[in-house]
Amino acid sequence: MLIGVPKEIKIGETRVSMTPSLCRRCVSLGAKVLIEKTAGQSAGFTDAEYRAAGATIAPTAKKVWAAADLILKVKEPLPAEYSLMRAGQTLFTYLHLAAGPELAKVLLKKRVLGISYETVEAADGSFPLLKPMSQIAGRLSIQIGAYRLQSQLGGSGVLLGGIPGTMPGHVVVIGAGNSGAHAVQMAVGMGARVTVLDLDTRKLEALDAEYRGRVVTLMSNPANIEAEVADADLLIGAVLIPAAKAPIVVSRAMVQRMRPGSVIVDIAIDQGGCVETIRPTSHEKPTYQEHGVIHYAVPNMPALVGRTSTMGLTQATEPFVTLLVQKGVERALAEHKGLAKGVNTRDGKITYDAVAKALGYS
Ligand SMILES: NC(=O)c1ccc[n+]([C@@H]2O[C@H](COP(=O)([O-])OP(=O)(O)OC[C@H]3O[C@@H](n4cnc5c(N)ncnc54)[C@H](O)[C@@H]3O)[C@@H](O)[C@H]2O)c1
């Protein structure tokens, strides 16, 4: 099997889908690795390290896509990459197709076997390849929000931890999953007042037990969301309905009632976002203001910490990549139900129900 590793081209992206260590492992299992030159540079890995691990360095992305049986990426292919995909090729990466109808069309037309990181399942039904990036995005959301609250950046001038004698900032986290729980952890660490809302009582119970009353847990319903959002200095959107478009849980009217200079970080933007006023931003221009509220909605937040994110991502993908190498794609999919759940497109069809529904294919 020839594994191709293109350099990521999304704005501000710094991750790479394979470390030299994973490369060495794949080569030792009999795979060939072709990696685009400087693909690992922004995550701190040199071409020389990949060469030493057994990879061949390709001068262009075109050469990588043309030769590879399996393309291993981080982010979904962008329009500049659409023409490089080949029929019959396997693509293993984040696809987020519910928010990407154009890409879905291309994958179907080219009959690409699209295995999506975010829908690969562990035996307990969790999403092991989404988890590390969600943890990173959750942790980052608080440091980003704290920074954007600064007066000189147009923020309301609230210090999340406050000081003795002043009211700390109020952080409201909607969604208590991987990203939400890690946002809560950082917000508590910074000394903020923290409220977290979810539909899943088990998630709320776990946080309540962990923080022993230090965090307010609330059932997610329109009344609770409306009240908490109005009082939030920093609102974190962290909801997910697996593979589906994110539900809008915060309406425009709720945003209008927030204090001027408050900040929204909508982590769920890669699934369309959970705030009515949100639209995707990029690392080049990460924020915009609407109704006086600062909106941050970068779909690839983990790229801010490329080294940690690359390590976190590849330690999670390694068991699946090595399985694909050892068994071949078809046998690996036949034998590993959780990996098979990752298949979103195959033979010109959308094969994942929630994605098909979100895109109107079913
Ligand atoms: N922007 C980025 O850079 C970035 C990075 C990583 C992950 N993400 C995205 O963050 C989102 C969250 O991922 P996660 O791993 O934390 O998901 P998760 O499944 O671990 O958690 C999602 C939580 O949302 C809850 N939920 C669903 N509907 C809700 C509602 N109406 N109200 C309140 N809670 C609700 C679920 O019960 C669950 O606890 C996903 O869209 C993921 O793709 C974005």
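**Exercise 1.** In this predicted model, the side chains of Asp233 and Arg259 meet in a salt bridge; work out which parts of the chain the pair ties together, and whether Asp233 is buried or exposed.

*Solution.* Begin with the contact itself, in which N and O lie 3.0 Å apart, and which therefore falls within the 4 Å limit for a salt bridge. Next, place the partners: Asp233 lies in the loop between helix 9 (222–230) and strand 10 (234–237), while Arg259 lies in the loop between helix 10 (252–256) and strand 11 (263–266), so the pair ties together parts that are 26 residues apart in sequence. Then turn to accessibility: Asp233, with a relative accessible area of 4%, is buried, whereas Arg259, at 36%, counts as partly exposed. Finally, salt bridges that share partners join Asp233 and Arg259 with Arg193 and Asp231 into one network.

**Exercise 2.** Determine how many residues apart Lys341 and Glu121 are, and where each of them lies.

*Solution.* The side chains of Lys341 and Glu121 form a salt bridge with an N to O distance of 3.6 Å. This pair links distant parts of the chain, 220 residues apart, with Lys341 in the loop between helix 13 (337–340) and strand 14 (343–346) and Glu121 in the loop between strand 6 (113–116) and helix 6 (131–148). As to accessibility, Lys341 is partly exposed at 38%, while Glu121 is buried at 16%.

**Exercise 3.** Find which residue forms a salt bridge with Lys73.

*Solution.* The partner is Glu81, and the closest N and O atoms of the pair are 3.4 Å apart. Lys73 is buried, with a relative accessible area of 1%, and Glu81 is buried as well, with 4%.

Notes: Residues numbered from 1 in each chain as written. Predicted model: local features only at pLDDT ≥ 70, side-chain atom pairs only at ≥ 80, totals over all residues. Heavy atoms only, no water. Buried < 20%, exposed > 50% of the residue type's maximum accessible area, 1.4 Å probe, protein only. Helix = DSSP H or I, 4+ residues; strand = E, 2+ residues; numbered from the N terminus.
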